[in-house]
Amino acid sequence: MEYAHLTGKRDADFQAFMAEYAPYEAGSTSTPSFDTPSFRILMECWRESAGDEILPDGGQLRLAKLAPWMPDMSKLTVEGPYDIRYRLVGTRACERLGMNPTGMNLYEMMDPSIRDTLARSFAEAVTRPCGFFGRYENVHTSGRHSSIQSLYLPLKPLPDGTPKIIGMHVPGEMIDYKSPLESAAIATAITEFTWIDLGFGTPY
């Protein structure tokens, strides 16, 4: 079932990329216990919408239940191994970053020391499929350096086979201030990472 929704050149690209890099090494769980309401609700909506399908369609998620947290959500497409494209970013998430990254490549915004491993982790999420949760640090355009936690879950791909991911983001404490940036820096440090088994295993 791996790569079943990837076609043509992208299929070969993903296989070569996944052979070269390893996903983030971390533990896993099939029964995540979140103390954050938005993560619990998104996980519930994902499972309810998936039903007997491998992945839910993003349009089937119960938006009424997710409404209070939609400004903290994002949708991404995995266009290629090094191209994780923001397709929709909530208003609160944009305000925290100090910019609207819609249309931008998340890979290029991540810290160079970890971005290949994280891109490999996104590739794992859409090909296995599985989800993941992380606590990490961002530097916003203002220079504000703060912690954040995110939950990422795969969605049914687009008609052309392009994989989709939905994310929920919860801000944490401010750490300090750095020099202002033209573009926000994502995942400058990772403090926690957990794979979520959606019924198809995880890499570790």
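# A guided tour of the salt bridges and backbone features

Begin by selecting Glu79 and Arg87, whose side chains form a salt bridge with an N to O distance of 3.0 Å. Glu79 is partly exposed, because its relative accessibility is 25%. Arg87 is likewise partly exposed, at 42% relative accessibility. The model on display is a predicted one, and the pair just selected belongs to a structure that holds 11 salt bridges.

**The whole chain**

Next, zoom out and display the protein chain as a cartoon. The view should show 6 helices and 7 strands. Followed from the N terminus, these elements run in the order α-β-α-α-β-β-α-α-α-β-β-β-β. The radius of gyration is 16 Å, close to the 17 Å that the globule rule gives for 204 residues, so the chain is as compact as a globular protein of that length. Aligned on its principal axes, the C-alpha trace spans about 45 × 40 × 30 Å.

Switch to a surface coloured by atom type. The chain exposes about 9300 Å², and carbon and sulfur atoms supply 51% of that area. Of the 204 residues, 50% are buried. If a contact map is at hand, consider the contacts between residues at least 6 apart in sequence: 65% of these join residues at least 24 apart. For the charges, mark the mean position of the 19 positive ones and that of the 26 negative ones; these two points are 5 Å apart.

**A bridge between two strands**

Select Arg135 and Glu192. Their side chains meet in a salt bridge at 2.6 Å, N to O. Arg135 belongs to strand β4 (residues 131-139) and Glu192 to strand β7 (residues 185-196), so the pair ties together parts that are 57 residues apart in sequence. Arg135 has a relative accessibility of 29% and therefore counts as partly exposed. Glu192, at 31%, also counts as partly exposed.

**A bridge between two helices, and its network**

Move to Lys65 and Glu48, a salt bridge with an N to O distance of 3.6 Å. Lys65 sits in helix α3 (residues 63-66) and Glu48 in helix α2 (residues 37-50), so the pair ties together parts that are 17 residues apart in sequence. With a relative accessibility of 24%, Lys65 is partly exposed. Glu48 is partly exposed as well, with a value of 42%. Extend the selection to Glu44 and Arg62: together with Glu48 and Lys65, these residues are linked in a network of salt bridges.

**Two loop residues and their contacts**

Select Ala26, in the loop between α1 (8-20) and β1 (28-29). Ala26 is buried, because its relative accessible area is 15% and the cut-off for burial is under 20%. Show the residues around Ala26: leaving aside neighbours within four places in sequence, the contacts are Phe193, Trp195 and Tyr204. Then draw a C-alpha to C-alpha distance from Ala26 to Pro37, which gives 23 Å for residues 11 apart in sequence.

Continue to Lys156, placed in the loop between β5 (144-155) and β6 (164-177). Lys156 is partly exposed, at 28% relative accessibility. When residues up to four places away in sequence are not counted, Lys156 touches Glu53, Leu55, Pro56, Asp57 and Lys164. A second C-alpha to C-alpha distance, from Lys156 to Gly134, gives 22 Å for residues 22 apart in sequence.

**Two backbone details**

Select Arg128 and Pro129 and display the backbone atoms. The peptide bond from Arg128 to Pro129 is cis, with omega near -5°. Pro129 is located in the loop between α6 (115-127) and β4.

Finish at Ala187, in strand β7. Although Ala187 is not a glycine, its phi is positive, at about 60°. Ala187 counts as buried, with 5% relative accessibility. Strand β7 was visited earlier on this tour, as the strand that holds Glu192.

Notes. Residues are numbered from 1 along each chain as its sequence is written. This is a predicted model: local features need pLDDT of at least 70, side-chain atom pairs count only at pLDDT 80 or more; totals for chains, interfaces and linings use all residues. Side-chain values use heavy atoms; hydrogens and water are left out. A salt bridge is a side-chain nitrogen of Lys or Arg within 4 Å of a carboxyl oxygen of Asp or Glu. Helices (H or I, at least four residues) and strands (E, at least two) are DSSP runs, numbered from the N terminus. Buried means under 20% relative accessible area, exposed over 50%, partly exposed in between (1.4 Å probe, protein chains only). The radius of gyration is taken over C-alpha atoms; the globule rule is 2.2 Å times the number of residues to the power 0.38. Contact means heavy atoms within 4.5 Å. Accessible areas come from the Shrake-Rupley method with a 1.4 Å probe; for residues, only the protein chains shown count as cover. Lys and Arg count as positive and Asp and Glu as negative; His and the chain ends are not counted. The place of a charge is taken as NZ of Lys, CZ of Arg, CG of Asp or CD of Glu.
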